[in-house]
Amino acid sequence: MSIFKGIVEIFKVFFRLGLKKTRTRFFIIFSLSPILLIILIKTLEMGGLLSRGSTAEFSANMISFLFFNFLIPIMAIFLGSGVIKEEVDDKTLCYLTSRPLSKMSILMGKFSAYFSIFFLVIATSICFLSLIANFNNLTNIHLYIEILGFNLAAFLSILAYSSVFMLVSTLFNRMILFSFLYVFGWENIVQYLPGTTQKLTIAHYVKSLLPFGTSQGSFLITQFEPTPKLWAVIILLVITGISLFFSGYLFNKKEYVL
Amino acid sequence: MSPVVEVDKLSKWYGNILGIVDVSLTIGAGIKGLLGPNGAGKSTFLKLITGQLKPNIGTVKIFGLPLPSNPQLLTRVGYCPEYDSYYREMTGFEFIYSLVKLSGYDSRESVDKANQALVEVGLEERAGDLIKHYSLGMRQRLRIAQSIAHHPDLLILDEPLKGVDPIWRNKIINIIKSYQQQGKTVIVSSHILHEIEAMTEDIILINQGKVFAEGDIHYIRDLIKSHPHKIYVKTEESRKMAGGLINREEVLSINFSDQGLMVETLDRDKLLDLIAQLIIEKNIEVKELTSPDDNLQAVFKYLTER
């Protein structure tokens, strides 16, 4: 079976399987639950209890903070680590490696399946949050540009984080702790430092892509010195490419004794 | 006829632990039984010939071609692992269907083959249930189904009868035998002699990572026969029992222990008959009669120390 056909077949299997996982269902509920909060706040705004435009600002801040600082990195840790680790832990890898599939197909097919599920969940939530928050401003073209910007940032963010964590999981057996330390330790500390140090994080390039039109920039980050958007996209894609390449290389070379 | 599996000077070790040492074999059509005690290296050998593991030394050829550089050969191979592993969120049908599909068949063929395999292992009525709701025996049958669903030319089964009830044990043995009748190759491992015996007479004896012997199953039967057996007789009337056993040709030695005696013999059946006779004639009360070394491990231990 060719690598591409293998990727497609593995993708189909694990996309279906991924949707059934308890972990995925938890993330779906967690990611979509802010929509209820936004509906409540919007109702209060429309009832005159909150100032006009406060829901839109709150929504943008929530997407930036909850999604990009918290939810996406956590999802990426589980996504990245799950691709290989769950096959080894559950001893199911032998079912895949005893088929006429290259190891690269297995890795890429499963990664793209899990990535697609998580991106679809996040993108759906971002769209609903933005549309509900700007319910009385739906004809404004800038709203859709902002939604697109958020979704592009989410796409690249999930891609970069999860590919890096997948690489880490091929290198080390206990990668969860390392990943959490990286996200909530290193990235959190460094982003408040001025100068080039903050460029040593994925978060920096992701935040450089966020459509900061409102106050969420100052809400999140002090001394933020963004990288130009095009460079941020290129750097995130390069990080993803390198991580995927080495994950594939290591997965192919490494022997898993089940 | 060219061999289906050829391994040459195959060695595999895990750190300091030896898995397989310098194994050279050729396996043709028919059923080959891989027999050895737990930890003998059977699973390592099967993983090596299915490409699950890479040898440290030596080569593996399947259908005349080296396996690592020809992964498409795996289309012709069915592998049933020893461990109870499965995708928790899948139904039985989804599991088989997905794996057939990954073997390169289109959707329609995969549905047909999955259904056919599920019927063969008697799981058609539970095909829509999640695997996590299956019993241990049903999960074992499902693992066999995934290995036979795509009708492989080489079927490799690692302890296939583990956890299976007696009725299905016979049916699975018949499925395996049907492969032989089709001219295909089956390599089946077990640490239980009579399981292998029910499937084939052609065996490979493996212990401590080495191939001990290869050939007819009667050879192992003879080895077992020549191996002194120990029979433990738990009784408070040890002296009375020993008196009846002493100087009998069936008895090699007698050792007294706290609550009985350990008797060594070359003919277990005759000794058991004699003990039964003594129990009746001398009215000896026996609380327990066991054969502590009646297993392959003991036979191998005896043979390697001989």
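Q: Where is Arg268(B) found?
A: To place a residue, start with the helices (H or I, at least four residues) and strands (E, at least two), which are DSSP runs numbered from the N terminus. Arg268(B) sits in helix α9 of chain B. This is a predicted model, in which local features need pLDDT of at least 70 and side-chain atom pairs count only at pLDDT 80 or more, while totals for chains, interfaces and linings use all residues. Residues are numbered from 1 along each chain as its sequence is written, chains are lettered from A and ligands numbered from 1 in the order in which they are written, and side-chain values use heavy atoms, with hydrogens and water left out.

Q: Is Arg268(B) buried, exposed or in between, and how do I tell?
A: Look at the relative accessible area: buried means under 20%, exposed over 50%, and partly exposed in between (1.4 Å probe, protein chains only). Arg268(B) has 26%, so it counts as partly exposed. While you're there, look for His229(B): it is 39 residues from Arg268(B) in sequence, yet their C-alpha atoms are 6.4 Å apart in space.

Q: How do I read the span of helix α10 in chain A?
A: Take 1.5 Å times one less than the number of residues; that is the expected span. Helix α10(A), residues 229–253, has 25 residues and should span 36 Å, and its end C-alpha atoms are 36 Å apart, so the two agree.

Q: Which residues of α10(A) are buried, and what covers them?
A: The buried ones are Ala232(A), Val233(A), Leu236(A), Thr240(A), Ser243(A), Leu244(A), Ser247(A), Gly248(A) and Phe251(A). The cover includes α3 (54–89), α4 (93–97), α5 (103–133), α6 (141–171) and α8 (202–209) of chain A.

Q: How do I put numbers on the interface of chain B and chain A?
A: The size of an interface is often given as the accessible area lost when the parts come together. Buried area is that loss (1.4 Å probe), summed over both parts. Chain B and chain A bury about 2,700 Å² between them, with 56% of it on carbon and sulfur atoms. Tyr87(B), Glu89(B) and Leu102(B) supply 28% of the area that chain B buries against chain A, more than any other three residues. You can also go by contact (heavy atoms within 4.5 Å): 30 residues of chain B touch 29 residues of chain A.

Q: How many residue pairs are in polar contact across that interface?
A: A polar contact is a pair of N or O atoms within 3.5 Å; within protein, one must be able to donate a hydrogen and the other to accept it, and residues adjacent in sequence count only if both atoms are side-chain atoms. The rule finds 14 residue pairs here, both residues at pLDDT 80 or more. On the side of chain B that touches chain A, β1 (5–14), α2 (92–102) and α4 (136–148) of chain B each supply at least two residues. The most comes from α2(B), with 7 residues.

Q: How many salt bridges are there between chain B and chain A?
A: A salt bridge is a side-chain nitrogen of Lys or Arg within 4 Å of a carboxyl oxygen of Asp or Glu. There are 4 between chain B and chain A, and 22 over all chains. One to look up is Lys101(B) with Glu9(A), where the closest N and O atoms are 3.0 Å apart. Lys101(B) lies in helix α2 of chain B and Glu9(A) in helix α1 (residues 3–20) of chain A, so this pair joins two chains. Lys101(B) is buried at 7%, and Glu9(A) is buried at 7% too.

Q: With which residues does Lys21(A) form salt bridges?
A: Among them are Glu89(B), with the closest N and O atoms 3.5 Å apart, and Glu86(A), at 3.8 Å. Lys21(A) lies in the loop between α1 and α2 (22–46) of chain A and Glu86(A) in helix α3 of chain A, so the second pair ties together parts 65 residues apart in sequence. Lys21(A) is buried at 10%, and Glu86(A) is buried at 13%.

Q: Which strands does the salt bridge of Lys32(B) and Asp202(B) tie together?
A: Their side chains meet at 3.0 Å, N to O. Lys32(B) is in strand β3 (residues 30–35) and Asp202(B) in strand β9 (residues 202–207) of chain B, so the pair ties together parts 170 residues apart in sequence.

Notes:
Buried area is the accessible area (1.4 Å probe) that two parts lose on being put together, summed over both.
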